[in-house]
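Work through the following exercises with the sequence and the coordinates at hand. Each task is followed by a solution that proceeds step by step.

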Amino acid sequence: MDERAKARTNQVGERRPIGAREWSASRRMAHGLARGGVSPNAISVAGMICGVAAGMALGATPWLGPPSARAAWLGAAALIQLRLLANLFDGMVAIETGTASPKGELYNEVPDRVSDTAILVGAGYAAGGVAALGYLAALAAMATAYIRVMGRGLGTRQEFCGPMAKQQRMFVMTLVGLYLGLAPASWQPVWGAGGRWGLAAAALGVIAVGAFFTAVRRLNRISRVLTVKEARP
């Protein structure tokens, strides 16, 4: 990235560290999207649509027969990855076209929150899921983002630390979708009264606990930075 691109990026704050931005294939794709006139905001909205569709596919699994349910799990996994690709390319295209702006940050943040909520709540209503855990995981995910953005508003760098940041949350849900879409029924764990709890519930529990821990960790890191700033003469 040249100095002008770095300056444009810094105008709207730090970007989430993603190694895939440095891949030549990613750069070529971003360049192609920019040349094709695709706007970064349109990519952000497309990512949100993928996230909502993934949540709907997850929530539909209890109502489908085994072949269709497997297709829904696999479809959800694919849509989650498409959502992440959109999150990758919206910023890269903004830098490529020199259109990075505060408005672009709005399009970046709001669709992310919608996608997170749709996917996690959808997983709560999925086969083997627990609705309360879906809402709890969505709340925890929202807390991590809120604290990150709040820290930036207070003059610190954005905290993207884990262990259950967006990429990790979506990685867990992608693995669940792939496993439940491909593994034989006899390999799919269930427990609780009537075997109502399954892998989706376990994944949501892990995400909820990890995301709340992430929120606390980010809060502590931001607090330490602010404490140092206040101590300076």
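## Exercise 1: A nonpolar surface patch

Task: locate Val114, decide how far it is covered, and find the patch to which it belongs.

Solution. Val114 has its place in helix α5, where helices (H or I, at least four residues) and strands (E, at least two) are DSSP runs, numbered from the N terminus. The model is a predicted one, in which local features need pLDDT of at least 70 and side-chain atom pairs count only at pLDDT 80 or more, while totals for chains, interfaces and linings use all residues. Residues are numbered from 1 along each chain as its sequence is written, and side-chain values use heavy atoms, with hydrogens and water left out.

The next step is accessibility, for which buried means under 20% relative accessible area, exposed over 50%, and partly exposed in between (1.4 Å probe, protein chains only). Val114 has a relative accessible area of 33% and is therefore partly exposed.

For the patch itself, the candidates are residues with over 30% relative accessible area and no salt bridge, like charges being joined within 9 Å and nonpolar side chains (Val, Leu, Ile, Met, Phe, Trp, Tyr) within 5 Å. The areas come from the Shrake-Rupley method with a 1.4 Å probe, and for residues only the protein chains shown count as cover. Val52, Met56, Leu106, Tyr107, Val110 and Val114 make a nonpolar surface patch of about 500 Å². Two or more of these residues come from each of α3 (40–60) and α5 (102–124), and α5 gives the most, with four.

## Exercise 2: Val52 and its contacts

Task: which residues does Val52 touch, when residues up to four places away in sequence are not counted?

Solution. Val52 sits in helix α3 and is partly exposed, because its relative accessible area is 30%. With contact taken as heavy atoms within 4.5 Å, Val52 touches Val114 and Ala118. Seen from the other side, and again leaving aside neighbours within four places in sequence, Val114 is in contact with Met48 and Val52. As a distance check, the C-alpha atoms of Val52 and Ala76 are separated by 9.7 Å, with their positions 24 residues apart along the chain.

## Exercise 3: Two helices and their packing

Task: compare the end-to-end distances of α3 and α7 with their expected spans, and identify what covers their buried residues.

Solution. The expected span of a helix is 1.5 Å times one less than its number of residues. For α3, which has 21 residues, the distance from first to last C-alpha is 30 Å, close to the expected 30 Å. For α7, the 17 residues should span 24 Å, and the end C-alpha atoms are 24 Å apart, which agrees.

Turning to the packing, the buried residues of α3 include Gly47, Gly51, Gly55 and Gly59, and their cover includes α2 (24–35), α4, α5 and α7. Among the buried residues of α7 are Met170, Met173, Val176 and Leu180; the buried residues of this helix pack against α3, α4 (66–97), α5, α6 and α8 (199–231).

## Exercise 4: Salt bridges across the sequence

Task: find salt bridges that join separate elements, and state how far apart in sequence the joined parts are.

Solution. A salt bridge is a side-chain nitrogen of Lys or Arg within 4 Å of a carboxyl oxygen of Asp or Glu, and a search of the whole structure finds nine.

1. Arg83 and Asp112 meet through their side chains at 3.2 Å, N to O. Arg83 lies in helix α4 and Asp112 in helix α5, so the pair ties together parts 29 residues apart in sequence. Both Arg83 and Asp112 are buried.
2. Arg152 and Glu105 form a salt bridge at 3.4 Å, N to O. Since Arg152 belongs to helix α6 and Glu105 to helix α5, this pair ties together parts 47 residues apart in sequence. Arg152 is partly exposed at 31% relative accessibility, whereas Glu105 is buried at 10%.
3. Arg221 pairs with Glu159, their closest N and O atoms being 3.3 Å apart. Arg221 lies in helix α8 and Glu159 in the loop between α6 and α7, so parts 62 residues apart in sequence are tied together.

Finally, a network of salt bridges links Arg83, Glu109, Asp112, Arg113, Asp116, Arg148, Lys166 and Arg169.
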